[in-house]
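Let's take a walk through this fold together, one piece at a time. Keep the 3D view open and turn it as you read.

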Amino acid sequence: MTESEVEKLSERVSVEEAAKILGMSVQGVREHMKRNLFASPIGEVTQLKAGGRRQYHIYRDMLNRHVGKEAGSEPGSCDGAGLHRNA
């Protein structure tokens, strides 16, 4: 795998952009990630200190997979709960 392919796979997406793509609020995306409520993960949550702030790392390839944008597939819709529904 080339360096550019690795960069493309690990491209990060802001919580705001992910919320627009998923049709959810920013806080809804954070809560779904924190509680592992997405049908397939879109990234990871890290906590800086016990009881401290969290960081949300959303990866483009994982988000695309969640919404059905894999090669050869048509994107479906995502309901308010963040669950993938095929059109």
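**A kink to start from**

Just past the end of helix H3, Asn-36 adopts a positive phi of about 55°. That is a good place to begin, but bear in mind that you're looking at a predicted model. Most residues other than glycine have a negative phi. Asn-36 is not a glycine, yet its phi is positive, near 55°. Where does Asn-36 sit? You'll find Asn-36 in the loop between H3 and S2. Is Asn-36 buried or exposed? With a relative accessible area of 67%, Asn-36 is exposed, because anything over 50% counts that way.

Now zoom out for the overall plan. The protein has four helices and five strands, and starting at the N terminus they come in the order α-β-α-α-β-β-α-β-β. There are 87 residues, and 26% of them count as buried. The accessible surface comes to about 5900 Å², with 49% of that belonging to carbon and sulfur atoms. As for how the chain folds back on itself, take the contacts between residues at least 6 apart in sequence: 39% of these join residues at least 24 apart.

Next, the sheet. Strands of a sheet pair through backbone hydrogen bonds, either parallel or antiparallel. Here three strands make an open sheet, ordered S1-S3-S2, with antiparallel pairing. S1 (12–13) and S2 (43–47) are the edge strands and have a single partner strand each, so one side of each has no neighbour in the sheet. Helix H4, residues 60–67, packs on this sheet and touches S1, S2 and S3. The direction of H4 makes about 70° with that of S3.

Let's look at the pairings in turn. S2 and S3 (residues 54–59) run antiparallel to each other and are joined over five bridges. If you want to find the register by eye, Thr-46 has Gln-55 in S3 as its bridge partner, and Val-45 has Tyr-56 in S3. The hairpin of S2 and S3 has six residues between the strands, and in that hairpin Gly-51 takes a positive phi near 75°. S1 and S3 are also antiparallel, over two bridges. To spot that pairing, look for Val-13, whose bridge partner in S3 is Ile-58.

Back to H3, which spans residues 26–34. Which residues of H3 are buried? They are Gly-28, Val-29, Glu-31, His-32 and Met-33. What do the buried residues of H3 pack against? Their packing partners are helix H2 (15–22), S2 and S3. His-32 makes a handy example: this residue of H3 has a relative accessible area of 12%, and it is buried because the cut-off is under 20%. His-32 is also worth pairing up with Ile-42 on your screen: the two are ten residues apart in sequence, and their C-alpha atoms are 9.9 Å apart in space.

That brings us to how the helices meet. Two packed helices are described by the angle between their axes and the distance between the axes. For H2 and H3, the axes come within 8 Å and cross at roughly 95°. These two helices are therefore roughly perpendicular to each other. On the H2 side, the residues involved are Val-15, Glu-16, Ala-18, Ala-19 and Leu-22, and they meet Val-26, Val-29 and Arg-30 in H3.

H2 has another helix partner to look at, H4. The axes of H2 and H4 come within 11 Å and cross at roughly 15°, so this pair is roughly parallel. The crossing is right-handed. H2 contributes Glu-17, Ala-18, Ile-21 and Leu-22 to the contact, while H4 brings Arg-60, Leu-63, His-66 and Val-67.

Finish with Glu-17, which lies in H2. How exposed is Glu-17? Its relative accessibility is 31%, so Glu-17 counts as partly exposed. Now find Ile-58, the S3 bridge partner of Val-13 from earlier. Glu-17 and Ile-58 are 41 residues apart in sequence, yet C-alpha to C-alpha they are 9.7 Å apart in space.

Technical notes. Residues numbered from 1 in each chain as written. Predicted model: local features only at pLDDT ≥ 70, side-chain atom pairs only at ≥ 80, totals over all residues. Heavy atoms only, no water. Pairing = 2+ DSSP bridges. Contact = heavy atoms within 4.5 Å. Axes fitted to C-alpha atoms, helices over the stretch in contact; angles between N-to-C directions. Buried < 20%, exposed > 50% of the residue type's maximum accessible area, 1.4 Å probe, protein only. Areas by Shrake-Rupley, 256 points an atom, 1.4 Å probe, with all protein chains shown as cover. Parallel < 35°, antiparallel > 145°, perpendicular 65-115°, else oblique. Left-handed = near helix turned anticlockwise from the far one by under 90°.
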